[in-house]
Amino acid sequence: MNNILPIFKREFQNYFATPVAYVFLVVFLALTGVFTFYLGGFFERSQADLLPFFNYHPWLYLFLIPALSMRLWAEERKSGTIELLMTLPISTTEAVLGKFFAAWAFTGIALALTLPMWITVNYLGNPDNLVIFASYLGSFLMAGAFLAIGSCISAITSNQVIAFVIAVVICFLFILAGFPLVLDFFSSWAPQMMIDAISSLSFLTHFSSIAKGVIDMRDLVFFVSFMGCWLFANVILVDMKKAN
Amino acid sequence: MTMISVSNLRKQFDQFTVVDGISFSVKKGEVLGFLGPNGAGKSTTMKMITGFLAPTSGEVEVCGLNIDSDPLAIKKTIGYLPEGAPAYGDMTPLSFLHFIAEIRGYRGAEKAQKVDLAIKKANLESVIHKPIENLSKGFKRRVGLAQAILHDPPVLIMDEPTDGLDPNQKHEVRELIAEMAKDKAIIVSTHILEEVHAICTRAIIIAQGKLLFDGTPDELESRSRYHNSVVARFSTELSKDALDKVKALPGVAAVEKESLDGVEQYVVFAKPDKGIAEPLAQLIKDEAWPMDEYFVQKGHLDEVFRRITTESADVRRGALS
């Protein structure tokens with residue numbers, strides 16, 4: 001596992017070597033602002049919390065995270081560098097994890113840059129800082145789950161647009177897994193157990209329970225094991241598809 | 001000491017057999033040239049030796065290790081330049097080589113020293129701070145080369161290292177390979193036949209996934225119809241009588257008249273393993289034919305190459321029909 005670090009470093013620096021990082025950060029910050037203050041009615045609610053800020057995170061991530069993750073493997077295959085990477089003395093797992101952690105750390109930076117929002121709300125009133133901390137944690141974990149999906153999808157194609165679109169669709173399904181839009185599709189034929197299983201995969205449910213300030217082990221385990229599954233699939237797909 | 005040993009290697013994609021039972025080995029100090037038409041399976045074979053592709057069947061051993069059981073250990077011993085020399089375009093050669101050095105396990109001063117040496121060997125000093133995607137084809141190739149030799153690997157595998165280089169750069173790369181050859185096992189694929197003589201101690205010809213020739217470049221040349229043949233130019237045309245005298249010489253297989261850039265010349269073909277240069281020269285001297293030019297040919301590699309690779313295609317077609 002020693003080689004995760006060099007991969008991580010290269011990938012992470014790569015965001016800042018290209019305009020990707022700056023475009024992403026500016027758009028992310030601008031949109032969180034728009035959602036919080038205009039759509040969320042931050043001031044009109046006159047409540048000292050960040051609920052309007054966090055409520056829109058799943059929807060922001062839905063488009064921004066696949067945009068970040070689409071290049072992770074598709075670009076390597078397109079440019080042929082995957083042959084270079086996979087003939088270096090590293091395991092596929094190390095490569096997958098290094099890339100994933102770099103992208104995740106980058107979304108961490110984007111989140112950290114919204115900290116002025118936290119300071120503002122403390123200046124304006126007396127928020128429950130524990131709830132806000134929990135919300136940040138939940139948001140970060142959810143971003144990781146989106147990224148794991150995106151990274152895995154990126155490994156199945158050398159076309160970044162395809163990787164983006166498919167990742168958006170899958171992320172969308174997981175956001176709404178607990179809602180009628182998705183469940184109705186299954187309810188007519190699938191057994192109740194399966195419907196329960198599907199609805200328990202809903203990002204919104206897990207995220208909003210963390211965002212309420214309840215850091216439940218089950219929600220944390222859900223996000224971490226969710227990432228683990230998708231990254232495991234990612235490793236297998238990279239091995240299978242690298243030569244095509 | 002055998003460094004690379006490949007036995008009965010096969011690779012199938014769906015129904016299509018790309019590499020069909022190839023076996024060979026490479027010893028330390030050898031430079032093996034991989035020849036073959038495009039799509040012959042050269043790159044696929046290299047990808048299997050470097051562990052990028054898993055063979056359908058067959059064995060690959062590098063430095064006594066098996067690719068199935070010890071892929072990572074093998075990858076440490078190999079320096080590989082993939083086809084087209086892929087590299088991360090938005091990195092600079094310097095940061096790219098530092099990345100490679102870190103993956104190869106070097107840290108601190110040793111890392112800096114390895115990177116410096118690779119830059120020097122590949123002559124990259126002038127471009128180390130420019131993004132790789134902005135470099136010329138020649139420099140990109142050399143970045144790939146620097147990456148492959150950075151850890152001074154005992155086994156070096158290069159897929160068309162001189163493709164797209166200008167003659168000076170080709171010369172530099174060949175010098176570099178010759179310099180490293182004595183303590184490494186090197187495989188180089190190319191479709192430039194002159195390169196075989198310039199850098200290889202042994203050559204292999206692959207066509208349609210099969211190994212058709214394995215020997216020294218000299219042996220390859222001796223398969224040519226032109227091997228030991230003599231080209232002679234005269235200021236007047238030779239009479240039929242004179243030609244008969246030439247044909248009667250021992251060792252002469254045939255005489256043909258060729259026209260090269262408007263100049264008529266005679267090509268005297270030798271029988272296999274016969275030298276005809278001296279008796280022919282003696283004859284010309286004795287007869288006092290007005291000779292302008294006279295030289296012995298070692299053989300035309302492209303002719304041998306064409307014959308070997310197309311013969312197998314003919315055989316296949318014959319088998320199918």
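Me: Two strands pair if DSSP finds at least two bridges between them. With that in hand, how many bridges join E7(B) to strand E8 (residues 185-189) of chain B?

Reply: Happy to start there, keeping in mind that this is a predicted model. E7(B) and E8(B) run parallel, and one of the facing pairs sets Ile157(B) opposite Ile187(B) in E8(B). The threshold is at least two bridges, so these strands count as paired. The number of bridges joining E7(B) to E8(B) is five.

Me: How does the chain get from E7(B) to E8(B), and which hand does the crossover have?

Reply: Leaving E7(B), the chain passes through helix H6 (residues 167-180) of chain B before reaching E8(B). That makes a β-α-β crossover. Its hand is right-handed.

Me: Which strand, besides E8(B), pairs with E7(B) in the parallel sense, over four bridges?

Reply: Look for the residue opposite Ile157(B): here Tyr80(B) stands across from Ile157(B) in E7(B). Tyr80(B) falls within residues 78-81 of chain B, the strand that pairs with E7(B) over four bridges. The strand is E6(B).

Me: Is E7(B) buried or exposed?

Reply: We can check both faces. On one side sit Val155(B), Ile157(B) and Asp159(B), and on the other Leu156(B) and Met158(B). Five of the five residues of E7(B) are buried, so the strand is largely enclosed by the rest of the structure. In a word, E7(B) is buried.

Me: Which residue in the loop between H5 and strand E7 (155-159) of chain B has a positive phi?

Reply: The residue is not a glycine, and its phi is near 50°. With 15 C-beta neighbours inside 10 Å, it counts as partly exposed, because the partly exposed class lies between 12 or fewer and 20 or more. The residue is Asp152(B).

Me: Where in chain B is Asn123(B), which also has a positive phi?

Reply: Phi of Asn123(B) is near 55°, again in a residue other than glycine. Because Asn123(B) has 17 C-beta neighbours inside 10 Å, it counts as partly exposed. Its place is the loop between helix H4 (108-121) and helix H5 (137-149) of chain B.

Me: What is the strand order of the open sheet of four strands in chain B?

Reply: Start at the edges: strand E2 (16-27) and strand E5 (65-66) of chain B each pair on one side only. Next, strand E1 (residues 2-13) of chain B pairs with E2(B) in the antiparallel sense over nine bridges, with Thr2(B) opposite Lys27(B) in E2(B). Antiparallel pairing holds for the sheet, whose order is E2-E1-E4-E5.

Me: At what angle to E1(B) does H1(B) run?

Reply: H1(B) spans residues 42-49 and is mostly covered, with eight of its eight residues buried, among them Met46(B), Met48(B) and Ile49(B). After the helix comes Gly51(B), whose phi is positive, near 85°. H1(B) lies across E1, E2 and strand E4 (57-62) of chain B, and its angle to E1(B) is about 120°.

Me: Which helix gives the largest share of the largest nonpolar core?

Reply: This core has 137 residues, and those with the most contacts inside it are Ala145(A), Ala148(A) and Val62(B). Leaving aside neighbours within four places in sequence, Ala145(A) touches Phe203(A), Phe223(A), Phe226(A) and Met227(A). The largest share is 13 residues, from residues 129-154 of chain A, that is, helix H9.

Me: How many residues does each chain bring to the contact?

Reply: On the side of chain A that touches chain B, the elements giving two or more residues are helix H1 (4-17) and helix H6 (81-86) of chain A. By class, that side has eight nonpolar, eight polar and two charged residues. The counts are 18 residues from chain A and 19 residues from chain B.

Me: What percentage of the residues in chain B is buried?

Reply: Chain B has eleven helices and 14 strands, and its C-alpha atoms fill a box of roughly 80 × 50 × 35 Å. Among its contacts with a separation of 6 or more, 70% join residues 24 or more positions apart. Of the 321 residues in chain B, the buried share is 39%.

Definitions and conventions:
Residues are numbered from 1 along each chain as its sequence is written. Chains are lettered from A and ligands numbered from 1 in the order in which they are written. This is a predicted model: local features need pLDDT of at least 70, side-chain atom pairs count only at pLDDT 80 or more; totals for chains, interfaces and linings use all residues. Two residues are in contact if their C-beta atoms, placed from the backbone, lie within 7 Å. Ala, Val, Leu, Ile, Met, Phe, Trp, Tyr, Cys and Pro count as nonpolar, Asp, Glu, Lys and Arg as charged, and the others, Gly among them, as polar. A nonpolar core is a set of buried Ala, Val, Leu, Ile, Met, Phe, Trp, Tyr and Cys residues joined through C-beta atoms within 7 Å. Axes are lines fitted to C-alpha atoms, for helices over the stretch in contact, and angles run from 0 to 180 degrees between N-to-C directions. A crossover is right-handed if, with the strands pointing away from the viewer, the path from the first strand over the helix to the second runs clockwise.
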